Amino acid sequence: MHPLEKFKYCPVCGSPQFVISTEKSKKCKCCGFEYFFNPSSAVVAFITNDKGEILVERRKREPAIGTLDLPGGFSDLGETVEESVAREIKEETNLEVTESKYLFSIPNIYRYSDMDIHTLDLFFYCKVKDFSNTKAMDDASECIWIAPHNIKPEEFGLGSIRMGIDRYIKMISERNMTNIPTDKKKERREGTCAFKNEI
């Protein structure tokens, strides 16, 4: 299905002659206006505590209600992605971001109101002021701290989050393996050493 399939009329002149032009655009045969469907920016946060545990949420709403998720959401108009991730963390967990570091991005399709929303999900590692006021709010029904070795990507309801979780855990595993003495590497593989709590 074309990403603009549900857009039947030209948003400029209202003509129904709003037809597919390219794989990501529609063009009006009456006024010539062409609309390109580009991905929406979304942000995702990895937050760790002093034990190296990762903060995850349980989704309060559809899609994937009841499954695990990471703090994050869509960027608002006029925001930088750094502002977006700080706002979303505050809205969902009541935590105040003091520093954010970009890690990687993953394209995603977010199903909402019977429409596929193409997004570009930007993942950040975030530091927060303190954890004493952690509270599930907004789209989160619960906040949970989970050690990296206990995280199961399949328990996360959104595809890009599962991929992001898998990629992040591999990143910190590789980082830890390169920063420890050789005689400790066997212990790390067996899960007897704690993960470092930041990238």
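**Exercise 1. Determine whether Asn-94 is buried, partly exposed or exposed, and describe its backbone.**

Solution. Asn-94 has a relative accessibility of 24%, so it counts as partly exposed, given that buried means under 20% relative accessible area, exposed means over 50%, and partly exposed lies in between, with a 1.4 Å probe and protein chains only. The next step is to place the residue: Asn-94 lies in the loop between H1 and S8, where helices (H or I, at least four residues) and strands (E, at least two) are DSSP runs numbered from the N terminus. The last step is the backbone, where phi of Asn-94 is near 70°, a positive value in a residue other than glycine. As background, most residues other than glycine have a negative phi, and most peptide bonds are trans.

The model is a predicted one, in which local features need pLDDT of at least 70 and side-chain atom pairs count only at pLDDT 80 or more, while totals for chains, interfaces and linings use all residues. Residues are numbered from 1 along each chain as its sequence is written, and side-chain values use heavy atoms, with hydrogens and water left out.

**Exercise 2. Describe the backbone and setting of Asp-138, and then the peptide bond that joins Glu-62 and Pro-63.**

Solution. Begin with Asp-138, which is not a glycine and yet has a positive phi of about 55°. Its place is in the loop between S9 and strand S10 (140-146), and with a relative accessible area of 33% Asp-138 is partly exposed. Then turn to Glu-62 and Pro-63, which are joined by a cis peptide bond with omega of about 0°; Pro-63 is found in the loop between S5 and strand S6 (68-69).

**Exercise 3. Work out the order and pairing of the open sheet of 3 strands.**

Solution. The order of this open sheet is S1-S2-S3, and the pairing is antiparallel, where two strands pair if DSSP finds at least two bridges between them. Strand S1 (18-22) and strand S3 (34-36) stand at the edges with a single partner strand each, so one side of each is left without a neighbour in the sheet. From one strand to the next the twist averages 30°, an angle between N-to-C directions on a scale from 0 to 180 degrees, with axes that are lines fitted to C-alpha atoms. For the pairing in detail, S1 and strand S2 (residues 25-28) are antiparallel over 4 bridges, and Val-19 has Lys-27 in S2 as its bridge partner.

**Exercise 4. Find the partners of strand S5 through its bridges to S10 and to S6.**

Solution. First, S5 and S10 run antiparallel and are joined by 6 bridges, with Arg-59 having Ala-140 in S10 as its bridge partner. Second, S5 is joined to S6 by 2 bridges, again in the antiparallel sense, and Glu-57 stands opposite Asp-69 in S6. Finally, consider burial: S5 is mostly covered, since 5 of its 6 residues are buried, and over the protein chain buried residues make up 39% of the 199 residues.

**Exercise 5. Establish how many disulfides the structure has, and examine Cys-13 and Cys-31.**

Solution. A search of the whole structure finds 0 disulfides, a disulfide being a pair of cysteine sulfur atoms within 2.5 Å. For Cys-13, the nearest cysteine sulfur is that of Cys-28, 3.6 Å away, and for Cys-31 it is that of Cys-10, 3.7 Å away. Both cysteines can then be placed by accessibility: Cys-13, at 42%, counts as partly exposed, and Cys-31, at 40%, is partly exposed too.

**Exercise 6. Describe the lining of the largest pocket.**

Solution. Start with the volume, which is about 490 Å³. The lining holds 27 residues, and the closest to the pocket centre are Arg-59, Gly-72, Gly-73, Phe-74 and Tyr-110. On a 1 Å grid over the protein atoms alone, a pocket is an open set of points where a 1.4 Å probe fits, with protein on both sides within 12 Å along at least five of seven lines, and lining residues have an atom within 4 Å of a point. Among the elements that each supply at least two residues of this lining are strand S5 (54-59), strand S7 (72-74) and helix H2 (159-178).

Conventions. Points joined across faces, edges and corners; volume = space filled by probe spheres on them.
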